Amino acid sequence: SKPYILTISSFETRKGIIDSLKAYSTSNLSKTYNFLIIGEDRSPSKQYFNEMISVINTMNLQDKVHILNPKEDVRPYIANAYFIVLVSYWEGLSRTLLESLSMGKAILASKNGGNKELVFDHHNGKLVNAGDVKQISKNMDLMLDQNLIQKMSKNSRTISVEKFNIIIKTKELEDLYKSFIK
């Protein structure tokens, strides 16, 4: 019932979830918001999941961090999140970020891979260096500003509509095909 920030991700080193947890533990954000993580460790050893649990226990976050198994429909979780976190070391074009944009959510993401194609620093979210726990924590604190979150959320929805609208993208693709026929 407590408000939360959200990560939806597979549990593996490249996703930077442990960095997010460490940053969260030192941020003022942890005083007001829980941290919800949806995903799973698909490896046989469950090593990364076990490391996550160890960090949660070591930093005494058991009452603040909640881990859920993958969900078929993540929209209700995104809709109720304060903002989305994805500080991966490398990333393609993240479906989680695309879904978050379409639902008008502010995003805290690493500058890596496709993230910088979806998140524009100070516009619809904050971009950080993957692995920089202090920078992640500082930016979590900056996102405590309700006015900033509202502005970023509105901008995320606008980006989704303007840049990823299926009708517009289909028309652009058709026009491209037609240009080869002429």
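This passage describes the overall fold, the aromatic pairs, helix α4 and the surroundings of Lys22 in a predicted model.

The protein chain contains eight helices and six strands, and from the N terminus on these elements follow the order β-α-β-α-β-α-β-α-β-α-β-α-α-α. For a chain of 182 residues, a compact globule would be expected to have a radius of gyration near 16 Å, and the value of 17 Å found for the protein chain agrees with this. Along the principal axes, the C-alpha trace of the protein chain spans about 65 × 40 × 30 Å. Buried residues account for 44% of the 182 residues. When contacts between residues at least 6 apart in sequence are considered, 67% of them join residues that are at least 24 apart.

A search of the whole structure for aromatic pairs returns four. One of them is formed by Phe11 and Phe49, whose rings are stacked, with 6.2 Å from centre to centre and 10 degrees between the planes. Phe11 belongs to the loop between β1 (4-8) and α1 (17-26), whereas Phe49 is part of helix α2 (residues 47-58), so the pair ties together parts of the chain that are 38 residues apart in sequence. With regard to solvent, Phe11 has a relative accessibility of 4% and counts as buried, while Phe49, at 28%, counts as partly exposed. An edge-to-face pair is made by Tyr24 and Phe35, with the ring centres 5.3 Å apart and an angle of 65 degrees between the planes. This pair links distant parts of the chain, since Tyr24 is in helix α1 and Phe35 is in strand β2 (residues 34-38), eleven residues apart. Tyr24 and Phe35 are both buried. In addition, Tyr33, Tyr82 and Phe83 are joined into a cluster by ring pairs. A further aromatic ring, that of Trp90, has Arg14 lying over its face, at 4.0 Å from the ring centre.

Helix α4 (residues 95-102) has four buried residues listed by name, namely Thr96, Leu97, Ser100 and Leu101. These residues cover an arc of only 135 degrees around the axis, and they are therefore placed on the same side of α4. The buried residues of α4 pack against a set of elements from several parts of the chain, which comprises β1, α3 (75-80), β4 (81-86), β5 (107-110), α5 (115-118) and α7 (146-163). At the start of α4, a side-chain oxygen of Ser94 comes to within 3.2 Å of the backbone nitrogen of Thr96, a residue that is also listed among the buried ones of the helix. Just after α4, Gly104 adopts a positive phi of about 65 degrees.

The surroundings of Lys22 were examined as well. Lys22 is located in helix α1, the helix that also holds Tyr24. With a relative accessible area of 32%, Lys22 is partly exposed. If residues up to four places away in sequence are not counted, Lys22 touches Val55, Met59 and Val133. The C-alpha atoms of Lys22 and Asn60 are separated by 11 Å, although these two residues are 38 residues apart along the chain.

How values were computed:
Residues are numbered from 1 along each chain as its sequence is written. This is a predicted model: local features need pLDDT of at least 70, side-chain atom pairs count only at pLDDT 80 or more; totals for chains, interfaces and linings use all residues. Side-chain values use heavy atoms; hydrogens and water are left out. Rings of Phe, Tyr and Trp (its six-membered ring) pair if their centres lie within 6.5 Å; planes under 30 degrees apart count as stacked, over 60 as edge-to-face and the rest as tilted. Helices (H or I, at least four residues) and strands (E, at least two) are DSSP runs, numbered from the N terminus. Buried means under 20% relative accessible area, exposed over 50%, partly exposed in between (1.4 Å probe, protein chains only). A charge sits over a ring if NZ of Lys or CZ of Arg is within 6 Å of the ring centre and within 35 degrees of the ring normal. The arc is that of the directions from the helix axis to the C-beta atoms. Contact means heavy atoms within 4.5 Å. A polar contact is a pair of N or O atoms within 3.5 Å; within protein, one must be able to donate a hydrogen and the other to accept it, and residues adjacent in sequence count only if both atoms are side-chain atoms. The radius of gyration is taken over C-alpha atoms; the globule rule is 2.2 Å times the number of residues to the power 0.38.
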